[in-house]
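User: I've got this one open on my screen and would like a close look at a single part of it. Pick a spot to start, stay with it for a bit, and then work outwards from there.

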Amino acid sequence: MMKATAEQRHEVLVLGAGYAGLATAIQLAARTRRRGNLRVTLVNPYDTFTERLRLHMTATGRRTPVLNIPDLLDGTGAAFVRGWVTAVDTAARTVRIDDDQVLRYDTLVYGLGSIADTDAVPGADDHAYTLNGPEDAALLADRLARLDGGTVVVGGNGLTGIEAAAEIAERHPGLRVVLVGRQEPGASMHPKAKAYLDAALARLGVQVRSGVEVAEVLPDGVELADGSGIRADAVLWTSGTRVPPLAAAAGLTVDERGRVVTDGALRSVSHPEVYAVGDAAAIRQGYGVMHGTCQGGMPSGVHAALSILRVLAGKEPKPFRFGYYHTPVSLGRKDAVVQFTHPDDSPRRIVLTGGRAAKYKETVSAAPWPTFARMKRMPASGALWPHGGRYTRIRSAK
Ligand SMILES: Cc1cc2nc3c(=O)[nH]c(=O)nc-3n(C[C@H](O)[C@H](O)[C@H](O)COP(=O)(O)OP(=O)(O)OC[C@H]3O[C@@H](n4cnc5c(N)ncnc54)[C@H](O)[C@@H]3O)c2cc1C
C-alpha cells in the first residue's frame, strides 16, 4: 500500500461499533487526529453502544447505562455514520449503507460481530427470543414481565445460556426456567468451578436438562430429538453463533462459519486492504482459531489499528498474539463464578466465586467504555494486554 500523503487522504472505514470495531476506530483516530491525511469513519446501526455483556440484564428489564458513540468520538476527528451495511464491493472499494448511501474506502475494518445461530434449528428464527441486540433483549423482557407463572426454556447451555437462565430465574422466581443443551453447563471448567455453577443453578431453581438436542422450536415450546417436548411460554435461543453473510458475499476468504480468515496482522488473506476484528474474524493463534469474546475482540481491534498505521508508514505489521485469561460467568446479580484460564483457554485451578466474583464480573462488564474513553486521550499499546509476551507459551494445562 502507498504511503499516505497530505494531498491524498486515506479513508479508513470501520464497520461495526462493537467492542472490536470501536477499539479500532478510537485507537486509529486518537493516533492520527493531528494528521490531515487520514480519515476514520465508523458505521453502526445504533448511535448507542450495545453492551452485549449485559444483554441478559436487559432481557430481565434491568436498566443499563446509555453510552453515546458520537459523544465518545467527539474530538478525535472520526466521523460516525448511523446505518446498516448491506453490501461490500471489494473491487470498487465501496460499502453500501441502507441501500441508499455508498461510502468509499482505502482500508476497510470488518467488525460486524456475531449473533446466536437461530438457523441451526427449525423454528428458532420464527419463535425464539434472542440476545442479539438491545431490541431483541427488550422484547424478551416485555414477554417475561407479562407472564404470571409459566415456563421459559433457554436453548443452549453455553456461557450466555447459563447467565441468561440464572438472571431470569433470580428476577422472576415465579417462573420455571429450563436450561437445555448438549453438554453439561460449565463442562470446560475446572471441577471446582463446575460444582459451584451446578449448585448455584440448583439454588436458583433452574432445571438443567443436559445431553439433549432441540429438534425444533415451536410457538409453544420445544421438541427434542428423542421425540419428547417441553411446553414453554417463551423460548430464548442462545446456542451457537453465526456471522453476517456480507464478507462471504463480497468474495473475502471466509472459514466454514463465514468468518473472515486473517493473516497474522489481522488482514484478510484474500484482500489485504481489508482487516477483520472481533467475532467476525477467524484469527489463528498457536492454540487454534480464537473464539468470540470481548476479551479477545478489543485487543484485536487495537492491533488492527496498529497494523494499519505500520502499513501506511511503509513498515511491516507485527503479528497479533492473544492469550485468554479468564471466563467470568454471572449467576444473577449477587453471585458469579470466575474461571481463570491458561492462554489457550483451558482452565487453571484458580477460581473465584460468590460476591467477590460478582463484583469482578461487574468490573469486567463495565470496563470497556472507560477503556475507550481513556484510549481517546492515551492510545493503547498492543503489549499492554494481559498475557502480553506470555501468550505464545501455551501450556497443555489441566
Ligand atoms: C449475554 C452475553 C454475555 C457475554 N459475556 C461475555 C463475557 O463475560 N466476556 C466476554 O469476553 N465475552 C462475552 N460475551 C461475548 C461478547 O459479547 C462478544 O464476543 C463481543 O461482543 C464481540 O465483539 P465484536 O465487536 O466482535 O461484536 P459486537 O459487540 O457484536 O459488535 C458488532 C457491531 O456490529 C454491528 N453490526 C452488525 N451487523 C451490522 C451491519 N450489517 N451493519 C452495521 N453494523 C452492524 C452491531 O450492531 C454491533 O454494534 C457475551 C455475549 C453475550 C450475548
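Analyst: Let's start with strand E22 and strand E23 (residues 336–341), which pair in the antiparallel sense over 5 bridges. Keep in mind as we go that this is a predicted model. For a landmark in the pairing, find His326, which stands opposite Phe340 in E23. The two strands form a hairpin with 5 residues between them, and in that hairpin Gly332 takes a positive phi near 85 degrees.

How many of the 5 residues of strand E22 (residues 326–330) are buried? The count is 5 of the 5, so the strand is largely enclosed by the rest of the structure. You can see this by going round the strand one face at a time. On one side sit His326, Pro328 and Ser330, and on the other Thr327 and Val329; every one of these is buried, so both faces of E22 are covered. His326, then, is a buried residue of E22 as well as the partner across from Phe340.

Now for another pair of strands, this time running the other way round. E9 and E10 pair in the parallel sense, again over 5 bridges. Here the landmark is Val152, which stands opposite Val177 in E10. Strand E10 (residues 176–181) is mostly covered, with 5 of its 6 residues buried. On the E9 side, Thr151 belongs to the strand (residues 151–155) and is buried at a relative accessible area of 8%. Val153 is in E9 too, and its relative accessible area is 0%, which makes it buried. If you want some distances for orientation, the C-alpha atoms of Thr151 and Val289 are 37 Å apart, with their positions 138 residues apart along the chain. For Val153 and Asp142, which are 11 residues apart in sequence, the C-alpha separation is 16 Å.

Next stop, the ligand. It has 28 residues around it, and the closest are Ala20, Asn44, Val85, Cys294 and Lys361. Where does the ligand sit relative to the domains? Domain 1 (10–114 + 243–323 + 368–384) and domain 2 (124–239) both give residues to the shell, so the ligand lies between them. Three helices each supply at least two residues of that shell: H1 (19–32), H6 (159–171) and H9 (294–312). Sorted by class, the shell comes out as 12 nonpolar, 12 polar and 4 charged residues.

A few polar contacts are worth picking out. Val85 uses a backbone N or O atom, placed 2.8 Å from a nitrogen atom of the ligand. Gln295 also works through its backbone, with a polar atom there 3.1 Å from a ligand oxygen. Arg52 instead brings its side chain, where an N or O atom lies 3.1 Å from an oxygen atom of the ligand. As for cover, the ligand taken alone exposes 1,000 Å², and the protein buries 90% of that.

Val85 is a handy way out of the shell, being one of the closest residues to the ligand. Follow the chain along strand E4 (residues 85–89) and you get to Thr86, which is partly exposed at a relative accessible area of 31%. Thr86 and Asn68 are 18 residues apart in sequence, yet their C-alpha atoms are 23 Å apart in space. Further on, in the loop between E4 and strand E5 (94–97), comes Arg93. Its phi is positive, near 55 degrees, in a residue other than glycine. Arg93 counts as partly exposed, with 33% relative accessibility.

There's another non-glycine with a positive phi to look at: Leu266, at about 80 degrees. Leu266 is in the loop between strand E17 (260–261) and strand E18 (274–276). Is Leu266 buried or exposed? Buried, as its relative accessible area is 0%. Ser268 has its place in the loop between E17 and E18 as well, and at 2% relative accessibility it too counts as buried. To finish, look at the side chain of Ser268: one of its polar atoms lies 3.1 Å from the backbone nitrogen of Ser270.

Conventions
Residues numbered from 1 in each chain as written. Predicted model: local features only at pLDDT ≥ 70, side-chain atom pairs only at ≥ 80, totals over all residues. Heavy atoms only, no water. Near = heavy atom within 4 Å. Polar contact = N/O pair within 3.5 Å; in protein donor to acceptor, adjacent residues only side chain to side chain. Areas by Shrake-Rupley, 256 points an atom, 1.4 Å probe, with all protein chains shown as cover. Helix = DSSP H or I, 4+ residues; strand = E, 2+ residues; numbered from the N terminus. Nonpolar A, V, L, I, M, F, W, Y, C, P; charged D, E, K, R; others polar. Domains from an automatic or database assignment. Buried < 20%, exposed > 50% of the residue type's maximum accessible area, 1.4 Å probe, protein only. Pairing = 2+ DSSP bridges.
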